[in-house]
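Dear colleague,

I am passing on the structure we spoke about, and it is shown just below. My notes on it follow, arranged by element.

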Amino acid sequence: MKITEQHLFKSKYTPKTGRLLIAEPFLNEVYFQRAVILLIHHDQNESMGLVLNHPSETLINEALEDCDFALRIYHGGPVDAQRLFYIHQFENIKDAKKITPNLYFGGDWDELMHALQHQKHPEKMVRFFSGYSGWGAEQLKDEMSEHAWICVSQFDDTQILQLPSDHLWQKCLLQQGPTLAPFALFPLNVNDN
């Protein structure tokens with residue numbers, strides 16, 4: 001039996017809030033090239049996610065006067081790029097939405113800043129994003145049928161903010177088993193191989 005690209009990159013899982021989307025290795029789109037996206041919201045009408053591994057050059061304390069933390073802002077996606085979003089591991093932040101057992105989205109800003117002040121390594125507890133990735137009804141389903149995304153069900157949500165972002169895509173793809181593992185080692189430009 002001949003193995004096709006469609007067969008290789010077909011997801012075993014369907015999108016759901018709290019799951020990861022891994023960009024297929026040859027996706028050549030500026031916002032999503034080798035992206036790992038955490039789905040913050042998914043239902044039949046729309047999906048919202050944040051790109052976990054595309055850091056910007058801007059630090060949060062450069063963008064906001066009321067923040068003392070020199071933490072990197074990530075490009076969450078092309079939608080609403082002037083807005084700030086954040087995920088964190090603090091379960092007691094008022095109005096935060098639980099995404100996975102250990103990851104939360106948004107919540108009260110002052111409480112978040114207070115919680116971060118008591119952390120030795122705040123960068124391991126929170127990630128800030130400008131913009132988000134969004135899909136309308138059926139759009140994500142269509143992109144998955146075209147094998148642009150590999151949906152991942154199982155991942156260590158206690159470690160996702162601690163892994164170096166420049167190796168996150170590769171690490172997630174390696175965890176998908178021996179069929180996809182070789183693609184994790186491909187250079188960004190296959191002509192460089």
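Helix α3 has a face turned away from its buried side, and that face carries the exposed residues D110 and Q117. Please keep in mind while reading that this is a predicted model, and that every value in these notes was computed from it.

To stay with α3 for a moment, this helix spans residues 109-117, and its buried residues are W109, L112, M113, A115 and L116. Because these five cover an arc of only 165° around the axis, they sit on the same side of α3. The general reason for such a pattern is that an α-helix has 3.6 residues a turn, so residues three or four places apart point the same way. As for what lies over the buried residues of α3, the cover includes β6 (79-88) and β9 (126-136). The N-terminal end of the helix is capped by D108, which has a side-chain oxygen 3.2 Å from the backbone nitrogen of D110.

Next come the strands, beginning with β1 (residues 20-23), which is covered on both faces, since L20 and I22 on one side and L21 and A23 on the other are all buried. In a regular strand the side chains alternate between the two faces of the sheet. On the pairing of β1, the strand runs antiparallel to β2, to which 3 bridges join it, and I22 has V36 of β2 as its bridge partner. β1 also pairs with strand β10 (residues 149-152), again in the antiparallel sense and over 4 bridges, where A23 has W149 as its bridge partner.

From β2 the chain passes to β3 through a hairpin of 3 residues, and these two strands pair in the antiparallel sense over 5 bridges, with H42 standing opposite S47 in β3. Strand β3 (residues 46-51) is itself mostly covered, 5 of its 6 residues being buried. The strand is also joined to β9 by 4 bridges, the two running antiparallel, and here E46 stands opposite G136 in β9.

Turning to the interior, the largest nonpolar core has 42 residues, and those that touch the most other members are L20, L21, L38, L52, I87 and W149. Strand β2 (residues 36-42) gives this core its largest share, 5 residues. Another core, of 16 residues, lies apart from it and has I60, C67, L71 and F90 among its members.

One residue that I looked at separately is F129, which lies in strand β9 and is buried, with a relative accessible area of 0%. Leaving aside residues up to four places away in sequence, F129 touches L50, V51, L52, I73, Y74, G76, R83, L84, F85, Y86 and I87. To take one of these contacts, F129 and I87 are 42 residues apart in sequence, while their C-alpha atoms are 8.5 Å apart in space.

Since you may well ask about the cysteines, how many disulfides does the structure hold? The count is 0. For C172, the closest cysteine sulfur belongs to C151 and is 12 Å away, which is too far for a bond. C172 counts as buried because its relative accessibility is 6%, below the 20% cut-off. C67 likewise counts as buried, at 3% relative accessibility.

Finally, two residues have backbone angles that you may wish to look at in the model. R34, found in the loop between β1 and β2, has a phi near 55°, a positive value in a residue other than glycine, and at 15% relative accessibility R34 counts as buried. D80 has its place in strand β6, and its phi is also near 55°, which is again positive in a residue other than glycine. With a relative accessible area of 35%, D80 is partly exposed.

With best wishes

Definitions and conventions. Residues are numbered from 1 along each chain as its sequence is written. This is a predicted model: local features need pLDDT of at least 70, side-chain atom pairs count only at pLDDT 80 or more; totals for chains, interfaces and linings use all residues. Side-chain values use heavy atoms; hydrogens and water are left out. A nonpolar core is a set of buried Ala, Val, Leu, Ile, Met, Phe, Trp, Tyr and Cys residues joined through side-chain atoms within 4.5 Å. Buried means under 20% relative accessible area, exposed over 50%, partly exposed in between (1.4 Å probe, protein chains only). Two strands pair if DSSP finds at least two bridges between them. The arc is that of the directions from the helix axis to the C-beta atoms. Contact means heavy atoms within 4.5 Å. A polar contact is a pair of N or O atoms within 3.5 Å; within protein, one must be able to donate a hydrogen and the other to accept it, and residues adjacent in sequence count only if both atoms are side-chain atoms. A disulfide is a pair of cysteine sulfur atoms within 2.5 Å.
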